[in-house]
Amino acid sequence: MSKYVALQILGMVVLALGGQGVVRLLIDHDRAGLLSWLPGGFAAWLTGHCVIALVGVLLTGWADTRRKRRETS
């Protein structure tokens, strides 16, 4: 297994954590989960979870592109 496959898996896990946090917050505004320590309330928690999900998407996409480029070389 190449390091890019491992990074894809990591990106998907990070995306799942961020996405799960967003859905949980939209259903129950008082349960911040991983970001409960973050000051600012609902808006800050939602933004934080969205950023985490975005980082997961970007990491997964970047690793996939690098993996494909490496396979064709």
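The exercises below work through a predicted model of one protein chain.

**Exercise 1.** Determine what secondary structure the protein chain has, and whether its C-alpha trace is spread out or compact relative to the globule rule.

Solution.
- Step 1. The protein chain has 2 helices and 0 strands.
- Step 2. For 73 residues the globule rule gives 11 Å, while the radius of gyration is 15 Å, well over that value, so the chain is more spread out than a compact globule.
- Step 3. The spans of the C-alpha trace along its principal axes are about 50 × 20 × 15 Å.
- Step 4. Of contacts between residues at least 6 apart in sequence, 58% join residues at least 24 apart.

**Exercise 2.** Classify the geometry of the aromatic pair in the model.

Solution.
- Step 1. The count is 1 aromatic pair.
- Step 2. The ring centres of tyrosine 4 and tryptophan 62 are 5.9 Å apart, and the cut-off for a pair is within 6.5 Å.
- Step 3. The ring planes stand at 70 degrees, so the pair of tyrosine 4 and tryptophan 62 is edge-to-face; the class requires an angle over 60 degrees.
- Step 4. Tyrosine 4 belongs to helix α1 (residues 3–27) and tryptophan 62 to helix α2 (residues 41–72), so that the pair links parts of the chain 58 residues apart.
- Step 5. Tyrosine 4 counts as buried at 9% relative accessibility, whereas tryptophan 62, at 43%, counts as partly exposed.

**Exercise 3.** Assign histidine 49 and phenylalanine 42 to a burial class, and list their contacts beyond four places in sequence.

Solution.
- Step 1. Histidine 49 lies in helix α2, and phenylalanine 42 is also found in helix α2.
- Step 2. The relative accessible area of histidine 49 is 1%, which makes this residue buried; the class takes values under 20%.
- Step 3. Phenylalanine 42 has a relative accessible area of 30% and is partly exposed.
- Step 4. The contacts of histidine 49 are Leu17, Gly18, Gly21, Val22, Arg24, Leu25, Ala32, Leu34 and Leu35.
- Step 5. Phenylalanine 42 touches Leu25, Leu26 and His29. Its C-alpha atom is 6.4 Å from that of histidine 29, 13 residues away along the chain.

**Exercise 4.** State how much area the protein chain exposes, and how far apart the mean positions of its positive and negative charges are.

Solution.
- Step 1. Of the 73 residues, 26% count as buried.
- Step 2. The exposed area is about 4,900 Å², with 69% of it supplied by carbon and sulfur atoms.
- Step 3. There are 8 positive and 4 negative charges, and their mean positions lie 13 Å apart.

How values were computed:
Residues are numbered from 1 along each chain as its sequence is written. This is a predicted model: local features need pLDDT of at least 70, side-chain atom pairs count only at pLDDT 80 or more; totals for chains, interfaces and linings use all residues. Side-chain values use heavy atoms; hydrogens and water are left out. Rings of Phe, Tyr and Trp (its six-membered ring) pair if their centres lie within 6.5 Å; planes under 30 degrees apart count as stacked, over 60 as edge-to-face and the rest as tilted. Helices (H or I, at least four residues) and strands (E, at least two) are DSSP runs, numbered from the N terminus. Buried means under 20% relative accessible area, exposed over 50%, partly exposed in between (1.4 Å probe, protein chains only). Contact means heavy atoms within 4.5 Å. The radius of gyration is taken over C-alpha atoms; the globule rule is 2.2 Å times the number of residues to the power 0.38. Accessible areas come from the Shrake-Rupley method with a 1.4 Å probe; for residues, only the protein chains shown count as cover. Lys and Arg count as positive and Asp and Glu as negative; His and the chain ends are not counted. The place of a charge is taken as NZ of Lys, CZ of Arg, CG of Asp or CD of Glu.
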